[in-house]
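Visitor: I should like a close look at a single part of this model, namely the patch of negative charge on its surface. Please describe how that patch is made up, and then turn to the aromatic pairing.

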Amino acid sequence: MARKSYQEKLTELREDVLYMSEVVMERLRMGLDALEQKDEDLAQEVIEGDGEINRMYLDLEQDCIDLLALQQPVASDLRFIAASFKIITDLERIADLATNLGEYTMDAEQDLFPDVDVQEMGELTLDMLEDAMMAYDTEDTDRCRELAGRDDDLDEFAERASEIVVRDLIERELDSTDEVERILQDVSRLLLTIRDLERVGDHTVNIAARTLYMVENDDELIY
């Protein structure tokens with residue numbers, strides 16, 4: 001492989017990873033919108049779109065393997081390829097979590113916990129993901145380190161939201177077995193939604209960690 005072609009392949013890899021992130025962010029937005037609006041058609045679109053993300057992931061995985069196999073990368077290029085491979089793995093898992101939101105929408109009936117703002121939590125995760133990919137694109141290590149602190153805030157948000165749900169459940173007066181079963185299903189769905197959005201934040205920090213390692217050979221956020 002000629003050196004020029006090799007550098008072009010590296011550029012294409014970065015562009016393709018960024019494109020995959022845009023698709024994943026759109027799916028996450030769609031999942032949040034479907035959940036908020038109880039839009040089953042939109043939810044189904046998110047669920048059916050997971051296959052596209054999986055194919056995108058496999059294509060990029062092969063690109064990374066080809067770059068490693070066809071040319072012996074220098075240290076900086078090796079870190080870039082390895083980081084990109086790790087990042088597409090996190091993006092694929094975020095897409096899976098967006099699919100979960102679509103599935104929760106199909107099961108949801110009504111909002112029983114108005115004090116829990118899932119949409120606000122979702123916006124926090126989307127902002128984090130967008131900033132993480134911007135850091136990858138521009139090699140902004142300060143942004144990478146800042147994202148780790150924001151994930152702590154997201155974790156606190158998730159903990160408070162879970163406590164609200166549990167406290168509300170304890171204080172409710174339930175009159176029938178059917179009502180208990182329905183409430184427990186809604187509680188389970190909401191707690192799973194909170195957990196999944198928290199996991200999106202974790203994957204976002206993983207992206208920032210790999211970018212920091214890619215740029216500075218610094219593993220402080222990885223462990």
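Guide: Helix H1 provides the largest share of the negative patch, with 4 residues. The model under discussion is predicted. The patch lies on the surface and gathers Glu8, Glu12, Glu15, Asp16, Asp59, Asp63 and Asp66. Two helices, H1 (3–37) and H3 (50–70), each contribute at least two of the residues in the patch. One of the members, Asp66, is located in helix H3. Asp66 has a relative accessible area of 31% and is therefore partly exposed; membership of a patch requires over 30% relative accessible area and no salt bridge.

The aromatic side chains offer a second subject. The count of aromatic pairs comes to 1. In this pair, the ring centres of Phe80 and Tyr136 are 6.2 Å apart and the ring planes stand at 15°, so the arrangement is stacked; the limits are centres within 6.5 Å for a pair and planes under 30 degrees apart for stacking. Phe80 belongs to helix H4 (residues 75–107) and Tyr136 to helix H5 (residues 118–138), so the pair ties together parts that are 56 residues apart in sequence. As for burial, the cut-off is a relative accessible area under 20%. Phe80 has a value of 6% and is therefore buried. Tyr136 is likewise counted as buried, because its relative accessibility is 0%.

Terms used: Residues are numbered from 1 along each chain as its sequence is written. This is a predicted model: local features need pLDDT of at least 70, side-chain atom pairs count only at pLDDT 80 or more; totals for chains, interfaces and linings use all residues. Side-chain values use heavy atoms; hydrogens and water are left out. Patches are made of residues with over 30% relative accessible area and no salt bridge: like charges are joined within 9 Å, nonpolar side chains (Val, Leu, Ile, Met, Phe, Trp, Tyr) within 5 Å. Accessible areas come from the Shrake-Rupley method with a 1.4 Å probe; for residues, only the protein chains shown count as cover. A salt bridge is a side-chain nitrogen of Lys or Arg within 4 Å of a carboxyl oxygen of Asp or Glu. Lys and Arg count as positive and Asp and Glu as negative; His and the chain ends are not counted. The place of a charge is taken as NZ of Lys, CZ of Arg, CG of Asp or CD of Glu. Buried means under 20% relative accessible area, exposed over 50%, partly exposed in between (1.4 Å probe, protein chains only). Rings of Phe, Tyr and Trp (its six-membered ring) pair if their centres lie within 6.5 Å; planes under 30 degrees apart count as stacked, over 60 as edge-to-face and the rest as tilted.
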